[in-house]
Amino acid sequence: MKVRIRFSKLGKIRWTSHRDVARMWERAFRRLQLPLAYSEGFSPRPKVSFGLALPTGHESQAEYLDVEFAPGAEIDIEELLPRLSPALPQGVDATGAVAIEPGTPSLQEAVTLSTWRFAAVWPDRSPGRGATLVASLLEAPELVVPRFRKGEEVLEDVRPGILSLRVLGDEEIPSDYLSEGAVAPGNGGLTDGLWLEADLAAQPRSLRPTDVVRALGPEASERYVRRLNQWISRDGARWEPVAALPDATDAPQAFGRAS
Amino acid sequence: METLWPQLEPLLARVQKPARYIGCEDGALSPNPGPRDVRWLLLYPDTYEIGLPNQGLQILYELINERPDAIAERSYAPWVDMEAELRRARLPLFSLESHSPAAAFDVLAFNLSAELVFTNLLNCVDLAGVPVRAEQRRPEHPLVIAGGHCTYNPEPLADFVDAFVIGDGEEVVAEITEVLHEWKASGRSEGSRAAVLRRLASVPGVYVPSMYEVTYDGPRLVAVTPRYPDVPAVVEKRTITDLGAWPYPKHQLVPMTEVVHDRLNVEIFRGCTRGCRFCQAGMITRPVRERPAAQVRQMVSDGLARTGYDEVTLTSLSSADYSGIDQVVDGIINDPACGGQVSVSLPSLRVDAFTVGIASQIQKVRRTGLTFAPEAGTWRMRQVINKLITEEDLYGAVDSAYSQGWRRIKLYFLTGLPTETDADTMGIAELARNCVAIGRRHNKSASATVSLGGFVPKPQTPFQWFGQETVAGLARRIGMLRDATRRDKGIQLRWHDPKATLAEGIASRGDRRIGAVIEDVWRAGGTFQEWTEHFDLTRWSDAMARHGLSIDWYVHRERDRDELMPWAHISAGLHADFLWQEWEDARSMHVTPDCRWTPCYDCGACTEYGLEHVVASTVPPAGGSQGTGQDLSRGGAGGGGPVPVLLRTGPR
């Protein structure tokens with residue numbers, strides 16, 4: 001039996017890596033003594049696979065993993081879900097789970113885009129400059145920026161991967177960022193940048209907010225990056241990977257295309 | 001306490017491995033101190049990955065936080081990139097729990113396990129915004145305390161550390177907290193710093209360097225004299241008599257990012273009586289105090305369930321010597337609660353077939369490498385250092401390892417040992433070659449990795465009088481072995497940089513005058529000296545020259561019996577006569593048996609303090625000589641019957 005789990009990664013823990021998160025989950029599964037399926041061979045590992053890697057330092061409300069249980073193990077998902085978060089570190093919480101059929105495409109194959117919210121900041125911001133830059137970015141036929149792939153810098157056109165991009169404003173830091181351990185509290189708003197929200201393609205290669213910010217110019221830098229959703233899309237429709245869950249239909253920030 | 005997190009967080013995007021600086025470990029506490037509570041900041045002056053697993057620091061962390069009148073947080077040396085960011089942003093060193101400034105604590109308590117981190121201690125104190133020299137600190141500054149094995153010669157750090165703690169910390173940490181509590185309650189007024197240090201100096205096991213006058217005659221140390229009548233002339237180490245009374249850490253910290261020894265660690269005994277003459281840990285931690293087997297099993301099963309780890313290390317200086325180790329290991333791997341997925345590892349494997357048998361039981365998977373430490377290449381040399389492994393022991397162990405599926409073994413050796421001849425050095429190549437030949441009988445790709453360390457004589461050991469081998473001498477020996485093994489495809493030779501061995505020698509047996517050298521090395525940017533990319537011997541040799549100190553005199557000179565050692569006023573209980581006799585015996589190749597299986601030869605560690613070994617079995621373990629060079633089937637060197645050791649008793 002395979003189960004797909006959605007989880008969040010918020011606060012200080014976001015400074016851990018994708019590999020660190022994998023180890024947190026392995027320890028949590030062992031703590032709960034869940035009957036996992038193990039790989040064969042000299043060094044058996046539990047069969048857990050994670051979706052798109054989240055860059056170290058970025059937060060997320062929508063991370064996913066698929067876990068396979070040992071043959072014959074019967075898992076009650078309603079009973080399992082509330083037990084997961086207490087076995088996980090503070091800042092990592094399981095927010096949804098669903099059984100998946102054998103042969104379901106992996107997260108890596110299935111997820112086509114992510115919705116992100118983040119701030120782009122400039123050292124010398126003049127009023128309206130950000131919005132102008134965003135508008136010209138969306139009009140550009142191509143946006144060639146340097147990206148790091150396997151440790152090497154390559155030039156790549158990121159424009160096709162920017163499915164939507166909109167300016168949220170520059171005043172307030174959304175209140176849910178000010179929870180314990182989250183970004184700088186006491187900051188009344190962005191004084192040096194603006195909030196953006198973007199749908200970025202995960203296929204054929206995963207585009208990240210970092211790439212968008214780089215396309216805004218060499219002086220721009222990113223801050224407060226958070227993944228809001230991951231989506232599986234087909235034929236114009238899209239749904240989130242734990243869509244079978246009742247609360248998944250009203251997943252946060254399910255915007256349509258803004259550009 | 002005031003948190004620096006909002007200012008620190010923007011820096012994290014610019015440094016390697018930011019998870020080093022967030023805390024968030026499982027088992028970490030979030031203490032909320034009252035205004036009267038004593039605030040300890042426990043520091044490990046090396047990277048987070050190396051410092052986090054340190055068990056001594058974790059034990060004290062729990063003991064202090066269990067008290068109603070004190071709290072403890074932790075900090076580690078920031079890596080060079082983070083240090084640069086902190087200095088640029090004018091931010092201080094911070095704690096990992098609340099991200100409070102280090103100087104907001106009452107005491108900065110360092111764990112010193114290696115001499116090459118001394119400059120990191122200075123750097124951490126400086127990053128905390130506290131003057132590095134103890135004499136320049138004011139009442140508002142925290143006290144700087146240090147414990148750990150390096151404090152058995154505290155003198156090189158005497159200018160920088162307000163108080164040293166010698167020996168086991170479990171009990172004395174409470175006594176220190178009480179003294180600090182009064183200091184804090186008194187308002188830390190002008191002049192109170194000297195008073196609190198004077199009070200600490202009379203706590204047994206605490207050494208306050210500023211309470212002692214040091215006199216020299218030319219280069220020679222003449223006397224170390226207490227300045228006041230209530231200050232002890234000799235500071236005796238602290239020893240906990242019953243490890244079973246201290247089942248700590250109860251909640252081992254589980255880091256969120258990769259560290260060394262990233263698994264459950266359970267200490268199964270403290271102390272070692274094998275009597276290897278080069279080994280400082282074995283000399284200063286006597287006697288042997290075993291943890292009761294039932295408690296070991298309980299700590300393992302509770303620890304695994306709580307942490308979610310699937311691997312446990314049973315730690316000690318020689319874990320295969322634990323009474324009934326095979327049954328304990330068997331109990332763990334067959335514990336149904338552990339689901340059959342738990343692996344056990346034993347550090348410091350003894351060299352014999354019995355031990356390999358245990359190793360094969362616990363490493364059912366991943367048979368990549370097995371490590372043995374014969375330490376020297378010939379039986380003659382091993383008699384000198386009292387590491388009594390016979391060739392039969394070694395070859396039996398090696399044969400057993402290769403025959404049970406290991407393809408590679410690792411062999412640890414020291415070079416530059418007292419009386420070492422070229423034949424002794426070349427014996428290393430021959431031993432390694434024979435091991436590979438044995439391995440080839442079982443597996444065509446059998447190989448051996450030979451790891452060579454340059455020997456550094458350590459204080460409080462029989463070799464404290466020895467003149468350390470020079471850089472050129474060590475390089476020559478390494479070169480001989482490299483040439484000798486060049487054509488042996490099965491042997492890979494690795495060695496430590498002899499220049500780092502020299503720097504370690506300067507710091508290990510130095511007196512107070514070496515403090516100025518350590519400060520110069522630090523000021524020249526010499527932090528993380530055990531990291532090859534940050535080490536440069538010229539910083540050390542330049543500083544020695546600048547202060548008119550001779551490397552030859554401090555490092556390479558053989559001392560005579562009458563010389564006053566800089567650490568003579570610090571005692572691990574060992575009689576000076578015993579250490580000298582061992583030094584003479586070494587040079588005449590007389591061996592000293594393991595006192596656990598043979599009658600007491602009165603080294604002083606037990607008799608001085610009214611202690612006994614605390615062990616669970618009077619019967620020597622089965623199988624070969626157990627690396628003792630003795631026939632243990634006859635009850636060791638004493639011959640016949642059970643060995644006279646005491647069963648789990650307290651002080652007499």
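Q: Why is strand β10 of chain A largely enclosed by the rest of the structure?
A: This is a predicted model, so everything here is read off computed coordinates. Strand β10 of chain A covers residues 221–234. A residue counts as buried if 20 or more other C-beta atoms lie within 10 Å of its own. β10(A) is largely enclosed because, of its 14 residues, the number that are buried is ten.

Q: Which residue in β10(A) is the bridge partner of Ser60(A)?
A: Look at strand β3 of chain A, residues 59–68, which pairs with β10(A) over two bridges. That pairing is parallel. For Ser60(A), the bridge partner in β10(A) is Arg227(A).

Q: How many bridges join strand β5 of chain A to β10(A)?
A: Strand β5 of chain A takes in residues 113–121, and it runs antiparallel to β10(A). One spot to click on is Arg117(A), which stands opposite Arg226(A) of β10(A). The number of bridges joining β5(A) to β10(A) is eight.

Q: Which residue takes a positive phi in the hairpin of β10(A) and β11(A)?
A: Strand β11 of chain A, residues 237–239, pairs with β10(A) in the antiparallel sense over three bridges. One of the partnerships puts Ile232(A) with Trp239(A) in β11(A). Two residues sit between the strands of this hairpin, and the one with a positive phi, near 50°, is Asp235(A).

Q: Which strand gives the most to the side of domain 1 of chain A that touches domain 2 of chain A?
A: Chain A splits into domain 1 (2–105) and domain 2 (111–248). Across the boundary, 19 residues of domain 1 are in contact with 22 residues of domain 2. On the domain 1 side, β1 (2–9), β3 and β4 (92–100) of chain A each supply at least two residues. The top contributor there, with five residues, is β3(A).

Q: What percentage of the contacts in chain A with a separation of 6 or more comes from residues 24 or more positions apart?
A: For background, chain A has five helices and eleven strands. Buried residues make up 34% of its 259 residues. Among contacts with a separation of 6 or more, the share from residues 24 or more positions apart is 76%.

Q: Which helix supplies the largest share of the side of chain B that touches chain A?
A: Between the chains, 20 residues of chain B are in contact with 20 residues of chain A. On the chain B side, α1 (5–12) and α9 (293–307) each supply at least two residues. By class, that side holds twelve nonpolar, four polar and four charged residues. Its largest share, three residues, comes from α1(B).

Q: Why is one side of β15 and of β18 in chain B left without a neighbour in the sheet?
A: These strands belong to an open, parallel sheet of four strands in chain B, ordered β15-β16-β17-β18. From one strand to the next, the twist averages 20°. β15 (369–375) and β18 (491–495) of chain B each have one side free because they stand at the edges, where each has a single partner strand.

Q: Which residue in β16(B) is the bridge partner of Phe372(B)?
A: β15(B) pairs with strand β16 of chain B, residues 408–415, in the parallel sense. Five bridges hold that pairing. In β16(B), the bridge partner of Phe372(B) is Leu411(B).

Q: What angle does the direction of helix α15 of chain B make with that of β18(B)?
A: Helix α15 of chain B, residues 471–485, packs on the sheet. It touches β16, β17 (447–454) and β18 of chain B. Its direction and that of β18(B) make an angle of about 170°.

Definitions and conventions: Residues are numbered from 1 along each chain as its sequence is written. Chains are lettered from A and ligands numbered from 1 in the order in which they are written. This is a predicted model: local features need pLDDT of at least 70, side-chain atom pairs count only at pLDDT 80 or more; totals for chains, interfaces and linings use all residues. A residue is buried if 20 or more other C-beta atoms lie within 10 Å of its own, exposed if 12 or fewer, and partly exposed in between; C-beta atoms are placed from the backbone. Two strands pair if DSSP finds at least two bridges between them. Two residues are in contact if their C-beta atoms, placed from the backbone, lie within 7 Å. Ala, Val, Leu, Ile, Met, Phe, Trp, Tyr, Cys and Pro count as nonpolar, Asp, Glu, Lys and Arg as charged, and the others, Gly among them, as polar. Domain bounds come from an automatic or database domain assignment. Axes are lines fitted to C-alpha atoms, for helices over the stretch in contact, and angles run from 0 to 180 degrees between N-to-C directions.
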